[in-house]
Amino acid sequence: MTALPALMVAPNGARLTKADHPALPMTLPEIIATARDCHAAGADGLHLHLRDADGGHLLDAGAYREAVQELAAQVPDMAVQITTEAVGMYDPPHQRQVAVQSGAAMVSASIRELCRDPVNVTHAFYDDCAAQGIAIQHILYDRADGELLTRTLSPDLLSAPDLQLLFVLGRYAADQNSDPRDLDTFLDWMGAQDLTPDWAVCAFGQGETASLVYAAQRGGKCRVGFENARMHADGRVANDNAERVRAVHDAIRHLPPGA
């Protein structure tokens, strides 16, 4: 099963537009160009969101299959992970269908979204993905999501060293800004469950860089990009995603775990 990239870029998300930042990529050619620039800046993975013809969020297995193939041809050394984010538009059966039919080897999925269906259905979905070699990165927004995950996954999947997790910091903060110590509750949860997964962090707002450095110091991987933050640690707005990738890459590349 494909391991998480050390530094993944999430360049656009589901809701933002060029009104939020003119360099936000929305079309597939723009996403490919951004992926190429971010790979040169130090990213080894891309978190992929596609848009429809009007710029809206799109979950379509065929569109993702074509995009994954095109990215593999254009940026072959960059791992690609697709989203299954609902954005209030899609239901769990559709999200699961995109995950298993897009041809992507890596998929992200919010445990709280998929568990809108009965737990046994979600449990079966995760088992099916594991059997097909599809790496699901489970998105957790708080400790309650972690506890939901432990009730949903089979013991074998939960204890597997290739279990992939993404801890989201700052999404529901009052100012939607992360703090490095937001990670501590997730670290405590992993310790209490005796879990040793393949984990990463994404972080909202101006605290993104500090939060990702803190995560890297503790052995985690990082996801950076305009989906979560468009601002450097000093408050300057980045010119583009590649500039944010380069800033984080430079901040973490010489850090030994536990530093």
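# Exercises on a predicted barrel model

Strand β2 (residues 45-48) and strand β5 (residues 79-82) run parallel and are joined by 4 bridges. The model is predicted. Residue numbers count from 1 along the chain.

## Exercise 1. The barrel

Task: Find in what order the strands close into a barrel, and state how they pair.

Solution.
- Start from the β2 and β5 pair, where leucine 48 stands opposite isoleucine 82 of β5.
- Follow the pairing round: 8 strands close in the order β1-β2-β5-β6-β7-β8-β9-β10, and the pairing is parallel.
- Neighbouring strands of this sheet are turned by 25 degrees against each other on average, direction ignored.
- Now add helices. Helix α2 (residues 61-74) lies across β2 and β5, at about 160 degrees to β2.
- Helix α6 (residues 143-152) lies across β7 (135-140) and β8 (164-169), and runs at about 140 degrees to β7.
- For the full inventory, the protein chain has 10 helices and 10 strands.

## Exercise 2. The overall fold

Task: Decide whether the radius of gyration agrees with that of a compact globule, or disagrees.

Solution.
- A compact globule of 259 residues would have a radius of gyration near 18 Å.
- The protein chain has 17 Å, so the two agree.
- Along the principal axes, the C-alpha atoms fill a box of roughly 45 × 45 × 35 Å.
- Buried residues account for 52% of the 259.
- Take the contacts between residues at least 6 apart in sequence: 71% of them join residues at least 24 apart.
- The exposed surface comes to about 10800 Å², with 50% of it supplied by carbon and sulfur atoms.

## Exercise 3. Two packed helices

Task: Classify the packing of α3 and α5 as roughly parallel or roughly antiparallel.

Solution.
- Two numbers describe a packed helix pair: the angle between the axes and the distance between them.
- For α3 (residues 92-101) and α5 (residues 119-132), the angle is about 5 degrees and the axes are 11 Å apart.
- Angles under 35 degrees count as roughly parallel.
- The two helices, α3 and α5, are therefore roughly parallel to each other.
- On the α3 side, Arg96, Ala99 and Val100 make the contact; on the α5 side, Val121, Phe125, Cys129 and Gln132 do.

## Exercise 4. Strand β9 and helix α9

Task: Work out which residues of β9 are buried on each side.

Solution.
- In a regular strand, side chains alternate between the two faces of the sheet.
- Asp198, Ala200 and Cys202 of β9 are buried on one side.
- Trp199, Val201 and Ala203 are buried on the other, so that both faces are covered.
- The count is 6 of 6 residues buried.
- Next, the strand's partners. 6 bridges join β9 to β8, which run parallel, and leucine 165 stands opposite tryptophan 199.
- β9 and β10 also run parallel, joined by 2 bridges, and alanine 200 stands opposite lysine 221 of β10.
- Helix α9 (residues 208-217) is mostly covered too, with 9 of its 10 residues buried.
- These buried residues of α9 pack against β8, α8 (184-193), β9 (198-203), β10 (221-224) and α10 (241-252).
- Just after α9, glycine 219 takes a positive phi of about 95 degrees.

## Exercise 5. Two buried residues

Task: Say where serine 108 and histidine 232 are placed, and which residues each contacts.

Solution.
- Serine 108 belongs to strand β6 (residues 106-110).
- The relative accessible area of serine 108 is 1%, so this residue is buried.
- Beyond four places in sequence, serine 108 touches His47, Gln81, Ile82, Thr83, Thr84, Gln137 and Ile139.
- Histidine 232 is in the loop between β10 and α10.
- At 6% relative accessible area, histidine 232 is buried.
- Leaving aside neighbours within four places, histidine 232 contacts Gln206, Ala238, Glu243, Arg244 and Ala247.

## Exercise 6. Positive phi outside glycine

Task: Place valine 87 and aspartate 194, and classify each as buried, partly exposed or exposed.

Solution.
- Most residues other than glycine have a negative phi.
- Valine 87 has a positive phi of about 55 degrees although it is not a glycine.
- Valine 87 is in the loop between β5 and α3, and is partly exposed at 22% relative accessible area.
- Aspartate 194 also has a positive phi of about 55 degrees.
- Aspartate 194 is in the loop between α8 and β9.
- Exposed means over 50%; at 67%, aspartate 194 is exposed.

Note on methods:
This is a predicted model: local features need pLDDT of at least 70, side-chain atom pairs count only at pLDDT 80 or more; totals for chains, interfaces and linings use all residues. Side-chain values use heavy atoms; hydrogens and water are left out. Two strands pair if DSSP finds at least two bridges between them. Axes are lines fitted to C-alpha atoms, for helices over the stretch in contact, and angles run from 0 to 180 degrees between N-to-C directions. Contact means heavy atoms within 4.5 Å. The radius of gyration is taken over C-alpha atoms; the globule rule is 2.2 Å times the number of residues to the power 0.38. Buried means under 20% relative accessible area, exposed over 50%, partly exposed in between (1.4 Å probe, protein chains only). Accessible areas come from the Shrake-Rupley method with a 1.4 Å probe; for residues, only the protein chains shown count as cover. Angles under 35 degrees count as roughly parallel, over 145 as roughly antiparallel, 65 to 115 as roughly perpendicular and the rest as oblique.
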